[in-house]
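Good morning, colleagues. I would like to take a few minutes to present one structure and the site where its ligand sits. Please have the sequence and the model in view as I speak.

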Amino acid sequence: MSATSPDAATPEALTAPVVIAVDGPAAAGKGTLARRLAAELGLPYLDTGLLYRAVARRVLLAGGLPTDPAAAEAAARNLLAEDLQRGDLRGPDVDQGASQVAAQPPVRAALLDFQRSFAARHGGVMDGRDIGTVVCPDARVKLFVTASPEARARRRWLERQAKGEAIPLEEVAAEMAVRDARDAARDVAPMKPADDAVLLDTTELDAEAAYRSAWTLVQAKLEV
Ligand code: CDP
């Protein structure tokens with residue numbers, strides 16, 4: 001092989017579109033971080049949680065139960081772009097419903113191609129639970145963003161307060177604990193850091209500090 005051959009000089013991993021996986025549990029700060037990284041790097045951003053939320057919403061709108069395998073699979077297979085634009089994809093029913101449909105292998109299988117094609121087209125910053133482990137195991141950078149359960153519950157509680165919802169902090173914490181446990185315990189694509197993921201604990205960090213830490217990690221990985 002000649003040293004001037006582009007194939008020899010530029011291994012595929014370095015010429016493939018840049019994919020950054022940002023995984024982690026609920027309200028760890030992934031979305032804010034991933035959106036900002038995407039803007040900074042000029043990469044598309046995909047909130048993969050929205051796919052599972054939209055599937056759950058479709059099932060609920062049809063009067064079904066997110067735990068019903070036939071209803072969940074049909075909703076995932078028939079998901080439309082406009083389902084992702086809905087204004088009612090956040091809230092306790094969809095939070096739990098998303099995690100219930102997400103535990104079902106046929107639902108995950110139905111959504112996999114879309115996520116992989118998205119990443120393969122122009123690269124992207126992909127926010128989810130299983131991006132580094134299953135969807136894009138070859139991602140150039142893998143971050144697993146976490147924070148203590150108390151810090152995460154408090155953040156989600158503040159978000160919901162800001163939307164005018166009067167809900168006790170303990171209730172938000174309990175709902176989140178149920179969802180995290182289900183996401184981590186499921187048989188298919190459980191939420192867990194990839195072996196080569198870098199952990200970023202944001203318990204003591206505000207959004208700006210979390211971003212600065214992530215940016216340093218991303219730069220170090222992309223320059224290798
Ligand atoms: O915003 P938040 O972190 O609360 O949740 P989300 O990222 O919108 O994800 C909602 C639910 O979708 C999660 O609880 C997971 O059950 C599921 N999910 C998943 O299984 N795999 C992904 N890549 C993304 C989300």
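I begin with the annotation. An unreviewed UniProt entry lists residues 20-208 under the name "domain: Cytidylate kinase". Please keep in mind that what we have here is a predicted model. Over residues 20-208, helix accounts for 53% and strand for 12%, and the C-alpha atoms at the two ends are 19 Å apart.

Let us turn to the ligand. Which residues come nearest to the ligand? There are 19 residues around it, and the nearest are Arg53, Arg108, Arg156, Arg179 and Asp183. By character, this shell comprises ten charged, five nonpolar and four polar residues.

Several polar contacts deserve individual mention. In the side chain of Arg53, an N or O atom lies 2.6 Å from an oxygen atom of the ligand. Arg179 places a polar side-chain atom 2.8 Å from an oxygen atom of the ligand. For Thr48, the partner is a nitrogen atom of the ligand, 2.9 Å from a polar side-chain atom. On its own, the ligand has 540 Å² of accessible area, and the protein covers 96% of that.

As for the pocket, the ligand takes up the space of the largest one. Helix 4 (49-61), helix 6 (92-102) and helix 10 (169-185) are the elements that each contribute two or more residues to the shell around the ligand.

Finally, the same record, again an unreviewed entry, gives a "binding site" consisting of Gly24, Pro25, Ala26, Ala27, Ala28, Gly29, Lys30, Gly31 and Thr32. Of this set, Ala26, Ala27, Ala28, Gly29, Lys30, Gly31 and Thr32 belong to the lining of the largest pocket. Ala28 itself is found in the loop that runs between strand 1 (19-23) and helix 3 (30-41).

How values were computed: Residues are numbered from 1 along each chain as its sequence is written. This is a predicted model: local features need pLDDT of at least 70, side-chain atom pairs count only at pLDDT 80 or more; totals for chains, interfaces and linings use all residues. Side-chain values use heavy atoms; hydrogens and water are left out. UniProt positions are given in the numbering used here, feature names are shortened, and annotations may be inferred rather than shown by experiment. Helices (H or I, at least four residues) and strands (E, at least two) are DSSP runs, numbered from the N terminus. A residue is near a molecule or strand if one of its heavy atoms lies within 4 Å of it. A polar contact is a pair of N or O atoms within 3.5 Å; within protein, one must be able to donate a hydrogen and the other to accept it, and residues adjacent in sequence count only if both atoms are side-chain atoms. Accessible areas come from the Shrake-Rupley method with a 1.4 Å probe; for residues, only the protein chains shown count as cover. On a 1 Å grid over the protein atoms alone, a cavity is a set of points where a 1.4 Å probe fits but cannot get out, and a pocket is an open set with protein on both sides within 12 Å along at least five of seven lines; lining residues have an atom within 4 Å of a point. A molecule sits in a cavity or pocket if more than half of its atoms lie within 2 Å of its grid points. Ala, Val, Leu, Ile, Met, Phe, Trp, Tyr, Cys and Pro count as nonpolar, Asp, Glu, Lys and Arg as charged, and the others, Gly among them, as polar.
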